[in-house]
Amino acid sequence: MKHIYFDYAATSPTDPDVVKVMEPYFYEKYGNASSPHALGREAQNALEQAREVLAGFIGAKPEEIVFTSGATEANNQAIFGVARANANKGRHLVISAVEHHSVHEPADFLETQGFKVTYVPADENGVIHPQVVADAITNETILIAIMHASNEIGTIQPVVKIAEIAKGKNIPFLVDAVQTVGHIPVNVKELGADLLSLSAHKFYGPKGIGALYIRKGTKLGSYLLGGDQERGRRASTQNIPGAVGLAKAVALCQENMIEEMKTQQTYRDRLLAEIPQKISGVKINGHLHQRLPNNAHFSFQGVEGESLLMNLDMNGICASMGSACTSGAMEASRVLKAIGLEDDLAYGALRITLGRWSTEEHIERLLEVLPSAVEGLRL
Ligand SMILES: *Cc1c(COP(=O)(O)O)cnc(C)c1O
């Protein structure tokens, strides 16, 4: 049975054109970018070209891009790097209550090492208000981390306003832009980010490669030690096929993003409109307008979300409760708790995320299957 895929926020299929350009870098152009011979130079050139493409896409300079194994590493590097570089300046971090685990857990760890962390609460739509961030800042604050858009409920944060506050206080500002890069316009200058993380597999590139943008002048300790790759900021042999694939994925997004946004938003709006018409006891989570064009997130009263996912799965539909990392564990989502959902609604969550290969037929099929699936589980 062919799957109907509604889990693009967890990962996306790799675009066949991306795989095509990667292939030679496994078999023929396999050099180590640090090697001083022809194959090494070829790898080095491919890497630097990929860096330029990515930098151009997000409004950065090539030397401000560090390739990483993904966004988890990029977020870890940003948080631990800033903490290490600024520990004698202060030991306080401000992060939002709706961050991804890869931001949340490094911050939690720093708390065990003598740092203080303020978790800025979200409103009922998942919005982090700039004034609340401003109020959380102390003389000791060395980092502010607020994601660009929520991977769970799709809310887009007022990052530009928060960046102005951070800049006014001279505090480095980390933006986790994993859900927005390749999906909506992202420009590091316009956003005002000092640090920004992204991941190729969330925008039709390969898994295992991402990047951290480090604005020139941002003080950051090196994360991985053991080599001077990436200008001494990230040791380890560079992932050339990954970087080449990431760059191709960027090029495809550059070409298609605006149109894809429109299509996905049409599908999303149909789900947001029709699901509450077809099913009773449903709540839409996340901001209605300030939200990702490809995210629809619901809570169904009196329904076990895990069971609903299994039911959809049996119908060939792949969806999610919100965070890939929390499903399986019987604890309600931290993000849904942060927006004030009662347990009943938090446990009955369903996240539908769309992408390049979503079709009208997929939407029709979901609208056909979901009502009886939900009602069946309520009996
Ligand atoms: C997927 C995701 C990450 C982690 O990215 P990986 O490259 O898979 O490590 C971080 N933040 C957000 C918001 C994500 O959606």
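In which helix is the place of glutamine 131? In this predicted model, glutamine 131 sits in helix 6, which covers residues 130–136. Its relative accessibility is 52%, and because the cut-off for an exposed residue is over 50%, glutamine 131 counts as exposed. Isoleucine 162 is 31 residues away from glutamine 131 along the chain, and the C-alpha atoms of the two are separated by 8.3 Å.

The chain as a whole was examined next. Its secondary structure amounts to 14 helices and 12 strands. The radius of gyration is 21 Å, close to the 21 Å given by the globule rule for 379 residues, so the chain is as compact as a globular protein of that length. The C-alpha trace spans about 65 × 55 × 35 Å along its principal axes. Of the 379 residues in the chain, 57% are buried. The accessible surface comes to about 15,900 Å², and carbon and sulfur atoms account for 52% of this area. When contacts between residues at least 6 apart in sequence are considered, 73% of them join residues at least 24 apart.

The ligand is surrounded by 13 residues, the closest being Thr72, Asp176, Gln179, Ser199 and Lys202. By class, this shell consists of 3 nonpolar, 8 polar and 2 charged residues. Polar side-chain atoms of several residues lie beside oxygen atoms of the ligand, as follows. For serine 199, an N or O atom of the side chain is 2.6 Å from a ligand oxygen. For histidine 201, a polar side-chain atom is found 2.8 Å from an oxygen atom of the ligand. For lysine 202, the distance from a polar side-chain atom to an oxygen atom of the ligand is 2.8 Å. The ligand taken alone exposes 380 Å², of which the protein buries 87%.

Serine 102 was considered separately. This residue lies in helix 5, residues 101–111. Its relative accessibility is 5%, and because buried means under 20%, serine 102 counts as buried. The side chain of serine 102 takes part in a polar contact of 3.0 Å with the side chain of asparagine 75. A polar contact of 2.8 Å joins the serine 102 side chain to that of histidine 100. Leaving out residues up to four places away in sequence, serine 102 touches Ala71, Thr72, Asn75, Asn76 and Ile79. Asn75 thus appears both among the residues touched by serine 102 and as a partner in a side-chain polar contact. Thr72, also touched by serine 102, is one of the closest residues to the ligand.

Backbone angles were also inspected. Most residues other than glycine have a negative phi. Asparagine 170, which is not a glycine, has a positive phi of about 60 degrees. Asparagine 170 belongs to the loop between helix 7 (159–168) and strand 6 (173–176), and at 64% relative accessibility this residue counts as exposed. A positive phi, near 50 degrees, is also present at glutamate 230, again a residue other than glycine. Glutamate 230 is placed in helix 9, residues 229–232, and is buried, with a relative accessible area of 4%. Of these two residues with positive phi, asparagine 170 is therefore exposed, whereas glutamate 230 is buried.

Conventions: Residues numbered from 1 in each chain as written. Predicted model: local features only at pLDDT ≥ 70, side-chain atom pairs only at ≥ 80, totals over all residues. Heavy atoms only, no water. Near = heavy atom within 4 Å. Polar contact = N/O pair within 3.5 Å; in protein donor to acceptor, adjacent residues only side chain to side chain. Areas by Shrake-Rupley, 256 points an atom, 1.4 Å probe, with all protein chains shown as cover. Nonpolar A, V, L, I, M, F, W, Y, C, P; charged D, E, K, R; others polar. Helix = DSSP H or I, 4+ residues; strand = E, 2+ residues; numbered from the N terminus. Buried < 20%, exposed > 50% of the residue type's maximum accessible area, 1.4 Å probe, protein only. Contact = heavy atoms within 4.5 Å. Rg over C-alpha atoms; globule rule 2.2 N^0.38 Å.
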